Amino acid sequence: MTVRNGRPETGTGRMDGPGPTAEATGGASGTGTAPRSTPRTDTVASVVGQWRAVHAGLDTGPMEVIGRINRCSALLQQAEDAPLRRAGLSRAEFDLLGALRRTGHELTPGELARETFSSGAAVTKRLKRLTETGLVERRTDTRDRRVAHLRLTDAGRDLVDGILPEQLAYEKTVLSALAPDGQEELSDLLAVLLNGLEGHLGGLRA
C-alpha cells in the first residue's frame, strides 16, 4: 500500500515475477511479521531491546514508531536551529515571524498563538522581544484598544526571506539519508498520522 495526499491507496498495477511467499508475508494466515533484511541498530532499537529483555512478551511496535519520531524531531531541530542561532533568533521566535510572513497580513496575538501552537503567554513574551528589536510592529485596533494587530517591519520581512533558503538547505542536508522517493513516502505516511492525531487528540484537548 502506498499513501498519497494523506490517503492510503491500494496498488493495482502489474507485478513482474512471482508474488510474495508465505514466509515473506508472515505465513499463510498473514499473522506473522516479515523478516527484516537489515537489523535496526539505531538508539531506539537499543532501548526497545532493553525493554524486551525486561518484558519478553511486550509489543514494542508503538514505541518503535513514536520513539523514532521523537528522536528524529530532536535531532532535526538541533540542525535546523543553526541558522537561527546565527541570526540571534530562537525557533519559537522564527515561527512567529514566519507566520506573519506566510499569511501575508496582520495577525492578533491570539491568532499567532493558534498559528504556532503556542500559549498566549508565550506569544506575548516573544512578541515583546521581537518588537523591541524592530522586527515586528504593533498597531492598536481603532474600535477596541484592547486588541493589537501585529505585522512584520521591513527588517523583519528581509530577515525571514534571508534565512528561509538557508533553513531549507539545512533541511535538505539532514534528510539526505533518504532517497527522494523515500522522503515522499515518509511525508505521505506522516500526513496520515498527523491527520489522525489532530482529529483525535485535538478533540481530547478541547
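Visitor: What distance does helix H3 reach from its first C-alpha to its last?

Guide: This is a predicted model, in which local features need pLDDT of at least 70, side-chain atom pairs count only at pLDDT 80 or more, and totals for chains, interfaces and linings use all residues. Residues are numbered from 1 along each chain as its sequence is written, and side-chain values use heavy atoms, with hydrogens and water left out. H3 (residues 91-103) has 13 residues; helices (H or I, at least four residues) and strands (E, at least two) are DSSP runs, numbered from the N terminus. The expected span (1.5 Å times one less than the number of residues) is 18 Å, and the helix comes close to this with a reach of 18 Å.

Visitor: Which residue follows H3?

Guide: Within H3, the buried residues (under 20% relative accessible area; exposed is over 50%, partly exposed in between; 1.4 Å probe, protein chains only) include Phe94, Leu96, Leu97 and Leu100. After the helix comes a residue with a positive phi, near 80°, namely Gly104.

Visitor: At which residue of helix H6 does the kink lie?

Guide: H6 (residues 154-174) has 21 residues and should span 30 Å at 1.5 Å a residue, which agrees with the 31 Å between its end C-alpha atoms. Its buried residues are Gly156, Val160, Ile163 and Gln167. The kink is about 25°, as the angle between axes fitted to the seven residues ending at a position and the seven starting there. It lies shortly before the proline Pro165, at Leu164.

Visitor: Which residue of strand E4 stands opposite Val136?

Guide: Strand E3 (residues 136-140) pairs with E4 in the antiparallel sense over five bridges, where pairing requires at least two DSSP bridges. E4 (residues 148-152) is largely enclosed by the rest of the structure, because four of its five residues are buried. Opposite Val136 in E4 stands Leu152.

Visitor: How many residues apart are Arg151 and Glu106?

Guide: Their side chains meet in a salt bridge (Lys or Arg side-chain nitrogen within 4 Å of an Asp or Glu carboxyl oxygen) at 3.4 Å, N to O. The pair links distant parts of the chain, with Arg151 in E4 and Glu106 in the loop between H3 and helix H4 (109-116). Both count as partly exposed, Arg151 at 38% relative accessibility and Glu106 at 23%. Along the chain, the separation is 45 residues.

Visitor: Is Glu64 buried or exposed?

Guide: Glu64, in helix H2 (residues 61-86), forms a salt bridge of 3.2 Å, N to O, with Arg52, which lies twelve residues apart in helix H1 (residues 43-54). Asp42, Arg52, Glu64 and Arg68 are linked in a network of salt bridges. Arg52 counts as partly exposed because its relative accessibility is 39%. With a relative accessible area of 9%, Glu64 is buried.

Visitor: Which element gives the largest share of the lining of the largest pocket?

Guide: A pocket is an open set of points on a 1 Å grid over the protein atoms alone where a 1.4 Å probe fits, with protein on both sides within 12 Å along at least five of seven lines; lining residues have an atom within 4 Å of a point. The largest pocket has a volume (the space filled by probe spheres set on the points) of about 1600 Å³. It is lined by 32 residues, with Ile69, Cys72, Ser73, Leu76 and Leu190 nearest its centre, and H2, H3, H6 and helix H7 (180-205) each give two or more residues to the lining. The largest share, 13 residues, comes from H2.
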